[in-house]
Amino acid sequence: MKEFGLDLSKHNGDLNFTAIKNAANNFVILRAGYGNSVSQKDTKFEEYYKSAKTAGLKVGAYWYSYALTPSEAIIEAKCFYEVIKGKQFEYPVYFDIENRDHHKGASNAELVKMCQNFCDFMESKGYLAGVYANTDWFTNYISGLPKGKYNEWEANYGLNDGTLQDVKLVRNPRIHQFTSNYELNNKKFDRNVSYFDFETVIKERGLNGFSKNRLGKLTDNQVANEIIQGVGEWGNGDERKKKLGLRYTAIQNIVNKKLLNDKPIVLYYKSFNSTSIVDGLKSIGINSSLETRKKIAKANGISNYNGNTSDNVKLLKLARQGKLKKHKYAK
């Protein structure tokens, strides 16, 4: 997948988030603050968060670091947590480390430990955490950071002409900040591209302020059984893909294998009480076309069904008892 978005702080001033959304941006990552005090919360953070959510944008957050030691990084993480707790973020929360002039007193090992301490603290509080830095930093100052453990957000602008370019990235990041010259409504912004479905993972795991959804509590096999049995409200087609997210392919493969098994599959429609088989099927969300009814009738021992009254009465009787069998490939 590929999504575009902006990272924002008070320096961006007053913004129209609907315009940002309408310009093919899917997310924003907001500076929550900086340093070692909650009093240093970004003065636009609350306003930006509310406006972004209202506009239907996905939201992440970051904390700009001035830490000089690993213990100070934990202090910053605690401040970050106090600022963002109670909110929901579809994108990760990031440790922003990039100011070499400020951090020059720290060794590379200490800088790596700062990143780890910050992220580990945020993860202990139930957040999907990441590290933001530019290619130079990832290469020369925090190269010892375990690759892939934290959700790297790497800045590399190339020609910095506002467009996404093919540049050498050292971390294979999930987010690439590719320009600081993206123009929208006569303003310039940092723009990013995300290559990962953070929202699905975050919501499935119940992170970043979200409650763990039901999918996260079930195994692939359990979900597949519910789909076959017509329970769980997993839907079909694109709806099912959206609900299952990254697990769709694995679960659908299990469903297909079970449905193609040579063993007889006996499944039943939800019971309904109706004087019309057409209306009854519609009431439980089933296609009521003659072709479908023929298949259902055959599954229930009625051959040569043509919609006549006597056969419909038999089907309705089974339906009221909850014993109306599905045809084998009914979803």
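In this predicted model, helix H12 is followed by Gly301, a residue whose phi is positive, near 85 degrees. The helix itself spans residues 290–299, and its buried residues are Thr292, Arg293, Ile296 and Ala297. These four cover an arc of only 135 degrees around the axis, which puts them on the same side of H12. That fits the usual helix geometry: an α-helix has 3.6 residues a turn, so residues three or four places apart point the same way. As for what sits over that side, the cover of the buried H12 residues includes helix H11 (277–283) and helix H13 (309–320).

Helix H7, residues 198–205, also ends next to a glycine with positive phi: Gly206 comes just after H7 and takes a value of about 70 degrees. Buried in H7 are Phe198, Thr200, Val201, Ile202 and Glu204. Their packing partners are a mix of strands and a helix, namely strand E4 (93–96), strand E7 (175–184), strand E8 and helix H9.

Next come the helix pairs that involve H10. Two packed helices are described by the angle between their axes and the distance between the axes. For helix H8 (residues 220–229) and helix H10 (residues 248–259), the axes come within 9 Å and cross at roughly 55 degrees. That angle makes H8 oblique to H10, and the crossing is right-handed. On the H8 side, the contact is made by Asp220, Asn221, Val223, Ala224, Asn225, Ile227 and Ile228, while H10 supplies Ala250, Ile251, Ile254, Val255, Lys258 and Leu259. Sorted by class, the H8 contact with H10 has nine nonpolar residues, along with two polar and two charged ones.

Helix H9 (residues 237–244) packs on H10 too, at an angle of about 125 degrees and with the axes 9 Å apart. H9 is therefore oblique to H10. Here Arg240, Lys241 and Leu244 of H9 meet Tyr248, Ile251 and Gln252 of H10. The class count for H9 with H10 is three nonpolar, one polar and two charged residues. Ile251 of H10 turns up in this contact, and Ile251 is also listed in the contact with H8.

Strand E8, one of the elements packed against the buried residues of H7, runs over residues 187–194 and holds Val193. Is Val193 buried or exposed? Its relative accessibility is 0%, so Val193 counts as buried. Leaving out residues up to four places away in sequence, Val193 touches Lys2, Glu3, Phe4, Leu164, Arg174, Ile175, His176 and Phe178. Ala67 lies 126 residues from Val193 along the chain, and the two C-alpha atoms are separated by 28 Å.

The loop between E7 and E8 offers a couple of residues worth a look. Asn185 is in this loop, and at 54% relative accessibility Asn185 counts as exposed. Measuring C-alpha to C-alpha, Asn185 and Ala129 are 32 Å apart in space, with their positions 56 residues apart in sequence. Asn186 lies in the loop between E7 and E8 as well. Asn186 is exposed, with a relative accessible area of 82%. Most residues other than glycine have a negative phi. Asn186, though not a glycine, has a positive phi of about 65 degrees.

Asn172 tells a similar story in the loop between strand E6 (153–155) and E7. The phi of Asn172 is positive, about 50 degrees, although the residue is not a glycine. With a relative accessible area of 67%, Asn172 is exposed. Asp166 is found in the loop between E6 and E7 too, and its relative accessible area of 81% makes Asp166 exposed. From Asp166 to Ala106 the C-alpha separation is 32 Å, and the two are 60 residues apart in sequence.

Note on methods
Residues numbered from 1 in each chain as written. Predicted model: local features only at pLDDT ≥ 70, side-chain atom pairs only at ≥ 80, totals over all residues. Heavy atoms only, no water. Buried < 20%, exposed > 50% of the residue type's maximum accessible area, 1.4 Å probe, protein only. Helix = DSSP H or I, 4+ residues; strand = E, 2+ residues; numbered from the N terminus. Arc of directions from axis to C-beta. Contact = heavy atoms within 4.5 Å. Axes fitted to C-alpha atoms, helices over the stretch in contact; angles between N-to-C directions. Parallel < 35°, antiparallel > 145°, perpendicular 65-115°, else oblique. Left-handed = near helix turned anticlockwise from the far one by under 90°. Nonpolar A, V, L, I, M, F, W, Y, C, P; charged D, E, K, R; others polar.
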